[in-house]
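I opened this notebook to record what I looked up in one structure. The entries run from the whole chain to single residues.

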Amino acid sequence: GSYIMGKQTEFQYDELQMFFGDDYKVSDYITIHQPTVGEIMEFGERRYYSMLTQLCAIPSDMKSTLWDVLEVDWNKMSDFELFAFNCHSLRPQDTSIILGDLDLSTYTHSVKDKENDEFALLQCSQVDENSPPEITGIITESDYYNMVGYLRKLHGFTIKREKARNRITRDVMIEEDRQKIELSKNKSYVSQLKNLISAMLTYPGFKYKKSELRECGIYEFMDAVQRSQIYVSTDALLHGMYSGMIDTKKINKKQFNWMRDVS
């Protein structure tokens, strides 16, 4: 689930619609377009995943940056507060592949709704100095958690929350994060999709030709990657069972079903 104001909130996503690449409407202001492998390639894979990482980041992903730039302890920052901070640098040319015309960089006013105890980001426009600002867009906390929850599910992202119990541990974790960033500066980018596509094209059960993959939605492709791993491991189990090499009493019966849920 997603963490909101100390509560767990589950969003239910229609996996069949995701599989067929339908758009997902979060609110009147946010609709998520699922890109195809070809669209990601044309946009630039590195640029695409960099934007997604920034959009879906949680405070523990940015320990040293938050401390060195804002002097903020990541343990005391909510996901939504980090999103509000990151919004300023997420321009339409960065996010248009998934969010269309939505301009996150213009959501600059943070307010709290007393009715549902939620924070929200507002986009406001002002005709002239004498007229009051008009609200032209709103992203509530629920909208945010719904949006990033969907994007994580779409791409198979998992989140790793890390907390420091005391100041010493916090300082050590911040220093480790600094070192990790420094080391990554010298590493050349390794394509995530190229290795997966290459592996899938050599996997006998994969039905797509390379030319057809351009039209494949990212969710369908990632699902196929996971499904192939399940199929191979299930097949190995069945061979082991029939040959008497494996004691099946100790294995969960679900492991023998290659059509099981991949999540």
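The entries below cover the chain as a whole, two helix pairs, one residue in a helix and one surface patch.

**Entry 1: the chain.** I note at the outset that the model is predicted. I looked up the secondary structure and found ten helices and seven strands in the chain. I then asked what share of the 263 residues counts as buried. The figure is 39%. For the accessible surface of the chain I recorded about 16,400 Å², with 52% of that area belonging to carbon and sulfur atoms. I also looked up contacts with a separation of 6 or more, and residues 24 or more positions apart account for 62% of them.

**Entry 2: α4 and α8.** I turned to helix α4, residues 63–70, and helix α8, residues 167–185. Their axes come within 7 Å and cross at roughly 100 degrees. Since angles of 65 to 115 degrees count as roughly perpendicular, I entered α4 as roughly perpendicular to α8. I next asked which residues meet where these helices are in contact. On the α4 side I listed Lys63, Ser64, Thr65, Trp67 and Asp68. On the α8 side they meet Arg170, Met173, Ile174, Asp177, Arg178 and Ile181.

**Entry 3: α5 and α7.** I examined helix α5, residues 79–87, against helix α7, residues 141–155. The axes come within 10 Å, and the crossing is at roughly 85 degrees. I therefore recorded α5 as roughly perpendicular to α7. From α5, the residues Asp79, Phe80 and Phe83 take part in the contact. They meet Glu141, Tyr144, Tyr145 and Met147 of α7.

**Entry 4: Asn146.** I stayed with helix α7, where Asn146 has its place. Is Asn146 buried or exposed? Its relative accessibility is 9%, so Asn146 counts as buried, the cut-off for that class being under 20%. I then looked up the contacts of Asn146, leaving aside neighbours within four places in sequence. Those I found are Phe11, Tyr13, Tyr24 and Val26.

**Entry 5: a patch on the surface.** I asked which residues form a nonpolar patch on the surface. They are Leu16, Phe19 and Phe20, and together they have about 340 Å² of accessible area. I located Leu16 in helix α1, which covers residues 15–19. Leu16 has 60% relative accessibility and therefore counts as exposed, a class that begins over 50%.

Technical notes:
Residues are numbered from 1 along each chain as its sequence is written. This is a predicted model: local features need pLDDT of at least 70, side-chain atom pairs count only at pLDDT 80 or more; totals for chains, interfaces and linings use all residues. Side-chain values use heavy atoms; hydrogens and water are left out. Patches are made of residues with over 30% relative accessible area and no salt bridge: like charges are joined within 9 Å, nonpolar side chains (Val, Leu, Ile, Met, Phe, Trp, Tyr) within 5 Å. Accessible areas come from the Shrake-Rupley method with a 1.4 Å probe; for residues, only the protein chains shown count as cover. A salt bridge is a side-chain nitrogen of Lys or Arg within 4 Å of a carboxyl oxygen of Asp or Glu. Helices (H or I, at least four residues) and strands (E, at least two) are DSSP runs, numbered from the N terminus. Buried means under 20% relative accessible area, exposed over 50%, partly exposed in between (1.4 Å probe, protein chains only). Axes are lines fitted to C-alpha atoms, for helices over the stretch in contact, and angles run from 0 to 180 degrees between N-to-C directions. Angles under 35 degrees count as roughly parallel, over 145 as roughly antiparallel, 65 to 115 as roughly perpendicular and the rest as oblique. Contact means heavy atoms within 4.5 Å.
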